[in-house]
Amino acid sequence: MKTKEEKQKYGKKYREENKEEIEEYHKKWVLKNRIKQQLYSKKYYQENKNKLQENMKRYRSGNKDKVAKYARGYRQTYHKNLRIELISRMGLKCVKCGFTDIRALQIDHKKGNAQTSKKGEVMYLHYLKHPEEIKENLQILCANCNWIKRYDNKEHNGAPKKYKS
């Protein structure tokens, strides 16, 4: 009969020698039992909601800088990816001059109603869910063409009030 230490040593050696097989088995198991696992996780969360929230609150209060840095990076990446996805669906080039550098491409409201319509992530998500509305309401313009359009259509506010004479 093996002792607890011998069993642990054997288990560690077995896992090291059969790492790829174990990973492959685990992947297959996860695919096969995904719904079962989701239901278990949901049930566990409901049963331990207060405890989990308290643990998360404690972690966040002890790691404010780390959490803020992660959240900031996540939000920026998420926002950037939504913007790129929407621009990709719209053609990846300025409709006026054909400019293609995505860093200077901007999403423009055709009717100049940016003040009253959705902006940022809310706009991106809306149009990604309703692609039929893109051609009707939006267009891709490079920064130069967008500013020219705004100036010609008097869509800009001009200089800030404190600089006006």
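In which helix is the place of Asn 146? Asn 146 sits in helix H8 (residues 143-152). Helices here are DSSP runs of H or I with at least four residues, strands are E runs of at least two, and both are numbered from the N terminus.

This is a predicted model, where local features need pLDDT of at least 70, side-chain atom pairs count only at pLDDT 80 or more, and totals for chains, interfaces and linings use all residues. Residues are numbered from 1 along each chain as its sequence is written, and side-chain values use heavy atoms, with hydrogens and water left out.

**Confidence**

pLDDT is the predictor's confidence in each residue, from 0 to 100. The protein chain has a mean pLDDT of 87, and 90% of its residues reach 70 or more. Among the elements of the chain, helix H4 (residues 49-62) has the highest mean, 94. Helix H6 (residues 120-129) has the lowest, 85.

**Helix H1**

Helix H1 (residues 4-17) has 14 residues. From first C-alpha to last, H1 reaches 20 Å, close to the 20 Å expected at 1.5 Å a residue. The expected span is 1.5 Å times one less than the number of residues. H1 is hardly covered: one of its 14 residues is buried.

**Burial by residue**

Buried means under 20% relative accessible area, exposed means over 50%, and partly exposed lies in between (1.4 Å probe, protein chains only). The table gives four residues in helices.

| Residue | Helix | Relative accessible area |
|---|---|---|
| His 126 | H6 | 18%, buried |
| Leu 128 | H6 | 16%, buried |
| Asn 137 | H7 | 16%, buried |
| Asn 146 | H8 | 7%, buried |

**Contacts and distances**

A polar contact is a pair of N or O atoms within 3.5 Å; within protein, one must be able to donate a hydrogen and the other to accept it, and residues adjacent in sequence count only if both atoms are side-chain atoms. The side chains of His 126 and Glu 133 make such a contact at 2.8 Å. Asn 137 and Tyr 127 are joined by their side chains at 3.4 Å.

Two pairs are given by C-alpha distance. Leu 128 and Arg 89 lie 39 residues apart in sequence and 8.6 Å apart in space. Asn 146 and Leu 105 lie 41 residues apart in sequence and 9.0 Å apart in space.

**The second largest pocket**

On a 1 Å grid over the protein atoms alone, a pocket is an open set of points with protein on both sides within 12 Å along at least five of seven lines, and lining residues have an atom within 4 Å of a point. The second largest pocket has a volume of about 190 Å³. Grid points are joined across faces, edges and corners, and the volume is the space filled by probe spheres set on the points.

The lining includes Arg 89, Met 90, Lys 110, Pro 131 and Gln 139. Helix H5 (64-90), helix H7 (134-137) and strand S2 (138-142) each give two or more residues to it. S2 gives the largest share, three residues. By class, the lining has seven nonpolar, one polar and four charged residues. Ala, Val, Leu, Ile, Met, Phe, Trp, Tyr, Cys and Pro count as nonpolar, Asp, Glu, Lys and Arg as charged, and the others, Gly among them, as polar.

**Leu 92**

Leu 92 lies in the loop between H5 and strand S1 (105-109). Its phi is positive, about 60°, although Leu 92 is not a glycine. Leu 92 counts as partly exposed because its relative accessibility is 37%.

Technical notes: On a 1 Å grid over the protein atoms alone, a cavity is a set of points where a 1.4 Å probe fits but cannot get out, and a pocket is an open set with protein on both sides within 12 Å along at least five of seven lines; lining residues have an atom within 4 Å of a point.
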